[in-house]
Structure formats: C-alpha cells, structure tokens
Amino acid sequence: MLLLGIESSCDETGVALVHAERDGVPRLLGAALHSQVAMHRDYGGVVPELASRDHIRRLLPLLREALAQAGVALHEVQAVAYTRGPGLAGALLVGAGLATALACALGVPALGVHHLEGHLLSPFLSADPPAFPFVALLVSGGHTQLMRVDGVGRYALLGETIDDAAGEAFDKSAKLLGLGYPGGPALARLAEQGDAAAFALPRPLMHSGDLDFSFAGLKTAVLTQVRRLGAELEARKADLAAATQAAIVDVLVHKALAALRATGLKRLVVAGGVGANRRLRAQLDEACARHGWRVHYPEPALCTDNGAMIALAAAMRWQAGGWPPQGEGLAFDVRP
Ligand code: KG4
Ligand code: ZN
C-alpha cells in the first residue's frame with residue numbers, strides 16, 4: 001500500500017509518502033516540509049488567514065518534491081491521508097480539499113487522520129520503533145496528554161492539562177521574557193546558560209495524585225517575576241528561563257513516571273514539539289533507565305508537525321483493518 005500524507009493543521013505544510021505491507025512497520029519513502037515560522041514571526045504568533053493562503057501556495061510544489069524524493073509517480077498512490085483536526089479550520093480545509101480532490105482523481109480512498117494520532121505513532125518511523133502497549137506523553141503547543149496505548153486506535157486518556165498546554169507554557173513564558181516567536185526553542189536555548197535554582201517557581205498539580213496538568217499558574221508566576229525584576233530582567237533572563245523550563249519539565253517527568261507506575265507498563269513514548277526539549281529527554285532517560293523502562297522518541301525531524309506521521313497513522317490503521325477500502329467518498333469535513 002502506497003500512501004500519501006498531507007499535514008496542514010497549523011503553520012507547517014507537510015507532504016510525505018509511506019509504503020506499508022500488511023505486517024511490519026511502514027517505511028517512509030519521501031517527505032517534503034515547509035515551515036511558515038518566518039512569515040508569522042512579525043505578528044508574534046500564527047495568523048490563521050496567512051497560514052491558509054500559504055498552505056495553498058506550498059502544497060503542490062511540496063507534493064512534487066515528495067514524489068521525486070520517493071521515486072514514485074502520482075498515479076501509483078493508493079490512498080491519500082490528511083489531517084482532519086484538530087487545528088485551524090481554514091488551514092485544515094486546504095489539506096483536506098487537496099487530499100479529497102487527488103483521491104477522487106485517482107479513484108482511491110481519502111482518509112481523515114487525527115493530528116494527535118499522527119504525533120502518537122510517529123516514533124514508529126524511528127530506527128528503534130516501540131512495541132505496544134505503552135504510555136504516551138503527548139506534549140505539543142495545543143495539547144498535554146498522557147495516554148495508555150494498547151494498539152492502533154486503542155487509546156485511553158489517563159490525564160491531560162486543565163488549562164494551558166506545556167508548549168503554550170514555554171511559548172507564553174518566552175513572550176514574557178521578550179524572546180520572540182516561536183518562544184519554546186528560544187527559551188530552551190537560553191535556559192542552557194542559566195541557573196534553574198535562582199528562582200523558586202511553582203510546580204502546579206505535581207502532587208495532585210492524578211495524572212492531570214496545569215500550567216496557567218506557572219505563567220502568572222513568571223509574569224510576577226518579570227514585573228518584580230523590572231530593569232534587572234535583562235541580567236537575570238537566563239536564570240528565569242532555566243527556572244521556567246525546570247518547572248515545566250519537572251511536572252512532565254513526575255506525571256509520566258506516575259503514569260508508568262499506575263499502568264504497570266514499561267515503555268514510554270514521547271511525542272509532540274516539546275518532546276524535542278533536551279532537559280525533558282535527559283531527565284526522562286535518566287529516570288526510566290533507573291527503573292529499567294524504555295523511552296522512545298520520534299526522529300528529531302518528526303517531532304514537530306509533518307506529513308509523514310499522517311501517512312503513517314493511516315497506514316497503521318489500514319494494517320489494523322481500521323478503514324473501509326471504499327474510503328469516504330467526495331464529502332469531507334474538518335474538525336478544528
Ligand atoms: O507538535 P508541535 O510542532 O505543534 C503542535 O501541534 O502544537 O509543537 C509545537 C510546540 C510549541 O509550543 C513549541 O514552542 C514547542 O513545541 N517546542 C519546544 C521545543 N521545540 C518545540 N518546547 C520546548 N523546548 C523545545 N526544544
Ligand atoms: Zn502537532
């Protein structure tokens with residue numbers, strides 16, 4: 001089965017081709033990606049209308065690039081997968097529209113994929129793929145969730161954020177520190193030069209006894225420090241960045257370990273943009289090694305949004321017998 005995957009939920013346009021047999025891990029044949037980060041930077045965040053228009057401009061050139069890389073022709077594609085949601089409505093519609101049109105022209109099924117299922121399964125494209133069952137820590141700009149994953153489509157939510165997502169906490173704190181957009185990676189870079197113990201920031205819900213998260217209070221605490229420091233902020237910025245990162249990472253690590261303990265599972269999969277954070281990886285690796293648990297990450301290029309994870313999720317659904325061969329016809333919808 002040769003699958004085309006299209007991702008356009010937010011500010012990344014991704015197209016990829018994946019090959020799957022009935023069994024075994026699907027293989028990535030080619031992938032093309034364009035990030036709109038530079039375009040949105042001037043506005044301090046993603047401008048939905050600009051995002052949609054840019055997806056329209058980029059998708060066909062990216063499709064040609066991915067096909068060339070994979071060495072396959074468009075007419076060989078046997079299914080077209082696209083991100084149905086969650087994401088920006090207009091941005092999603094661009095990918096969904098193209099996917100449905102291509103599928104119609106090719107006479108193959110079009111398949112709407114849940115964006116988070118893509119993130120969740122993305123480590124299967126790494127050199128050392130996980131095995132089911134596992135606990136997944138999904139940490140992106142919009143979501144922070146712990147799931148129990150028993151197989152493709154067999155997901156149980158163990159806990160999630162009750163307000164901001166972890167990536168949002170990174171981004172909003174970075175904005176308070178004047179680090180621009182997107183702030184998460186910038187804050188992480190600055191934190192490397194700072195002393196995390198220089199500020200005592202809260203670890204919300206860390207000892208709540210459940211697997212939920214809360215990051216809104218942390219953002220307020222960072223704001224309070226920024227106001228208190230005033231002109232001194234510049235000199236203390238790296239320390240405050242380090243303290244913020246430490247607070248977010250401490251909570252994520254604590255709850256991920258609690259989820260492994262609660263489920264009795266011995267494998268952890270970390271996915272989503274924040275999964276690229278080096279402190280998070282170092283602490284999870286260290287703690288899990290101590291317990292004899294395994295941690296799996298996607299390849300660095302597949303941590304943030306991309307088309308490969310969407311094609312992969314559809315491929316694994318097909319392997320599991322999860323979608324009908326006739327697909328969904330010409331109608332398509334998105335779930336922002
Ligand atoms: O999964 P993703 O690319 O997009 C969403 O679906 O949200 O995640 C983006 C999020 C942003 O909040 C970004 O700041 C954060 O991931 N991020 C990081 C790092 N790299 C990306 N946060 C902390 N440390 C990083 N190294
Ligand atoms: Zn994402």
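# Zinc site, sheet and a buried alanine

In this predicted model, residues 28-311 are covered by the annotation "domain: Gcp-like", which comes from an unreviewed UniProt entry. The end C-alpha atoms of that span lie 9 Å apart, and the span is 48% helix and 17% strand.

Student: What makes His115, His119 and Asp305 the protein donors of the zinc ion (ligand 2)?

Tutor: Donors are N, O and S atoms within 2.8 Å of the metal. His115 and His119, each through NE2, and Asp305, through OD, lie 2.0 to 2.1 Å from the zinc ion (ligand 2), so they meet that cut-off. Along the chain, the donors follow the spacing H-x3-H-x185-D.

Student: Why is the arrangement of the four donor atoms around the zinc ion (ligand 2) called irregular?

Tutor: The angles subtended by the four donor atoms run from 92 to 141°, whereas a tetrahedral site needs all angles between 85 and 135 degrees, and a square planar site needs opposite donors over 155 degrees apart. The range of 92 to 141° satisfies neither condition, and the arrangement is therefore irregular.

Student: How do you know that His115 and His119 are separated by about one helical turn?

Tutor: Both belong to helix α4 (residues 115-121), where they are four residues apart, which means a separation of about one helical turn. His115 and His119 are also both buried.

Student: What makes β3 and β5 the edges of the sheet?

Tutor: The open sheet has five strands in the order β3-β2-β1-β4-β5, with mixed pairing. Because β3 (27-35) and β5 (110-114) each have a single partner strand, one side of each is left without a neighbour in the sheet. Direction ignored, neighbouring strands are turned by 20° against each other on average.

Student: How do you know that β1 and β2 pair?

Tutor: Two strands pair if at least two bridges are found between them, and β1 (residues 2-7) and β2 (residues 12-19) have six, in the antiparallel sense, so they count as paired. Within this pairing, the bridge partner of Leu4 is Leu17 in β2.

Student: Which helices lie across β1, β2 and β3?

Tutor: Helix α2 (residues 48-70) lies across these strands, running at about 150° to β3, and helix α10 (residues 308-319) lies across them as well as β4 (79-85) and β5, running at about 135° to β1.

Student: Why is Ala242 called buried?

Tutor: Buried means under 20% relative accessible area, and Ala242 has 4% relative accessibility, so the term applies. Ala242 lies in helix α8 (residues 233-263) and, leaving aside neighbours within four places in sequence, is in contact with Ala191, Gly194, Asp195 and Ala196.

Definitions and conventions
Residues are numbered from 1 along each chain as its sequence is written. Chains are lettered from A and ligands numbered from 1 in the order in which they are written. This is a predicted model: local features need pLDDT of at least 70, side-chain atom pairs count only at pLDDT 80 or more; totals for chains, interfaces and linings use all residues. Side-chain values use heavy atoms; hydrogens and water are left out. UniProt positions are given in the numbering used here, feature names are shortened, and annotations may be inferred rather than shown by experiment. Helices (H or I, at least four residues) and strands (E, at least two) are DSSP runs, numbered from the N terminus. Donors are N, O and S atoms within 2.8 Å of the metal (3.2 Å for Na, K and Ca); water is not among the atoms, so sites may look incomplete. Four donors count as tetrahedral if all angles lie between 85 and 135 degrees; four count as square planar and six as octahedral if opposite donors are over 155 degrees apart and all others between 65 and 115; anything else is irregular. Buried means under 20% relative accessible area, exposed over 50%, partly exposed in between (1.4 Å probe, protein chains only). Axes are lines fitted to C-alpha atoms, for helices over the stretch in contact, and angles run from 0 to 180 degrees between N-to-C directions. Contact means heavy atoms within 4.5 Å.
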